[in-house]
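Work through the exercises below with the sequence and the model open. Each task is followed by a solution in steps.

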Amino acid sequence: MKLNAIIVEDEETSREILRNYISKYCPNVTVKGEASNVDDALVLIRNHDLDLVFLDVEMPYGNAFDLLDKVGDRQFETVFVTAYNHYAIDALNAHAAYYLLKPISIDKLIEAVDYVAEIKQKENELQDVVLQPKVRQVDGKITIPLQNGFEVLEIRDILYCQADDNYTHIYVGDKKKLVSKTLKYFEEILKESGFARVHKSYLVNVNAVVEYKKGKGGSVVLSNGKEVMVSPSRKKELLSFFS
């Protein structure tokens, strides 16, 4: 299983050691770039289709958890590489695939890469056999997978979608559907159907908006009474639907 990766580490010597170890002992990993801080790492993540990020915890002007918060929805796995063991619980809560302590053990590095490769392989296999959510453009419906088939939803009945790591909750009236796809996926397939990404965690049906409350980003109230905060960076896009 081939893996595209980046290294995020503020110490040049540590980056060089990890890069050399990967090159020598993990031939299935292609390092697409390196970053020494959160901002540069964010650029690399947005510009590459990544499977894996090797991530140091402490960096200038932010840390690994700040970076993951800024990324939001993510398809890649993370392997934390740090000299400190007291971040282990935080890494677990951030859904890290593996936690490596410095100095890096070659055996542990190989084990971490093999583990991520196994995860990505299983994801690919599931994607091949599980019915994917699809929009029927002709009749305005979307299908979502069930264990024994699929369910058909009217797009107009969907009030909003909420991110939950690599899953999405779809709210239809007072019912909630959990789908094993990211919010970004649904943003792409519903953007032509009157849906707006108003927050990193929310995609709303603009036709279900009954009120907008002013603020730096403001918030919207939906027809079921749900109030959703609007990110300042998303405000202009949302308001364009009503101008």
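**Exercise 1: A strand and its neighbours**

V8 stands opposite L55 in β3. The model is predicted.

Task: Find which strands pair with β3, and in which sense.

Solution.
Step 1. Begin with strand β1 (residues 3-8), which runs parallel to β3 and is joined to β3 by 4 bridges.
Step 2. Turn to strand β6 (residues 77-82): β3 and β6 also pair in the parallel sense, over 4 bridges. Here L52 stands opposite E77.
Step 3. Check the faces of β3 (residues 52-55). In a regular strand the side chains alternate between the two faces of the sheet. L52 and F54 lie on one side, V53 and L55 on the other, and all four are buried, so both faces are covered.

**Exercise 2: The nonpolar cores**

Task: State how many residues the largest nonpolar core has, and which of them have the most contacts inside it.

Solution.
Step 1. The largest nonpolar core has 23 residues, and V8, L55, L67 and F80 have the most contacts inside it.
Step 2. Two or more residues of this core come from each of β1, α2 (38-47), β3 and α3 (64-71).
Step 3. Another core, of 21 residues, lies apart from this one and includes V81, Y98, L109 and V113.
Step 4. List the surroundings of F80. Beyond four places in sequence, F80 touches ten residues, among them L55, A64, L68, A91 and L100. Ring pairs also link F80 with F65 and Y99 into a cluster.

**Exercise 3: Aromatic pairs**

Task: Classify the pairs Y160–Y202 and Y185–F186 by geometry.

Solution.
Step 1. The structure holds 7 aromatic pairs. A pair of aromatic rings is described by the distance of the centres and the angle of the planes.
Step 2. Y160 and Y202 are 6.0 Å apart, centre to centre, with 45° between the planes, and the pair is tilted. Y160 is in strand β11 (residues 158-164) and Y202 in strand β15 (residues 202-205), 42 residues apart, and the pair links distant parts of the chain. Both tyrosines, Y160 and Y202, are buried.
Step 3. Y185 and F186 are 5.6 Å apart, centre to centre, with 85° between the planes; this pair is edge-to-face.
Step 4. Compare burial. F186 has a relative accessible area of 0% and is therefore buried. Y185, at 24%, is above the 20% limit for buried and so counts as partly exposed.
Step 5. K181 lies over the face of Y185, at 4.5 Å from the ring centre.

**Exercise 4: Two charged side chains**

Task: Decide whether R197 is buried or exposed, and find which atoms or residues the side chains of R197 and K235 reach.

Solution.
Step 1. R197 lies in strand β14 (residues 195-199). Its relative accessibility is 6%, so R197 counts as buried.
Step 2. The side chain of R197 makes a polar contact of 2.7 Å with the side chain of E187. The R197 side chain also reaches the backbone oxygen of H199, at 2.9 Å.
Step 3. Contacts of R197 beyond four places in sequence include D73, Y202, R234 and E237.
Step 4. K235 is in helix α7 (residues 232-240) and is partly exposed, with a relative accessible area of 24%.
Step 5. The side chain of K235 reaches the backbone oxygen of G215 at 3.1 Å. Beyond four places in sequence, K235 touches Y212, G215, K216, G217 and V230.

Key: Residues numbered from 1 in each chain as written. Predicted model: local features only at pLDDT ≥ 70, side-chain atom pairs only at ≥ 80, totals over all residues. Heavy atoms only, no water. Buried < 20%, exposed > 50% of the residue type's maximum accessible area, 1.4 Å probe, protein only. Contact = heavy atoms within 4.5 Å. Polar contact = N/O pair within 3.5 Å; in protein donor to acceptor, adjacent residues only side chain to side chain. Pairing = 2+ DSSP bridges. Core = buried A, V, L, I, M, F, W, Y, C linked by side-chain atoms within 4.5 Å. Phe/Tyr/Trp six-rings, centres within 6.5 Å; stacked < 30°, edge-to-face > 60°. Lys NZ or Arg CZ within 6 Å of the ring centre and 35° of its normal.
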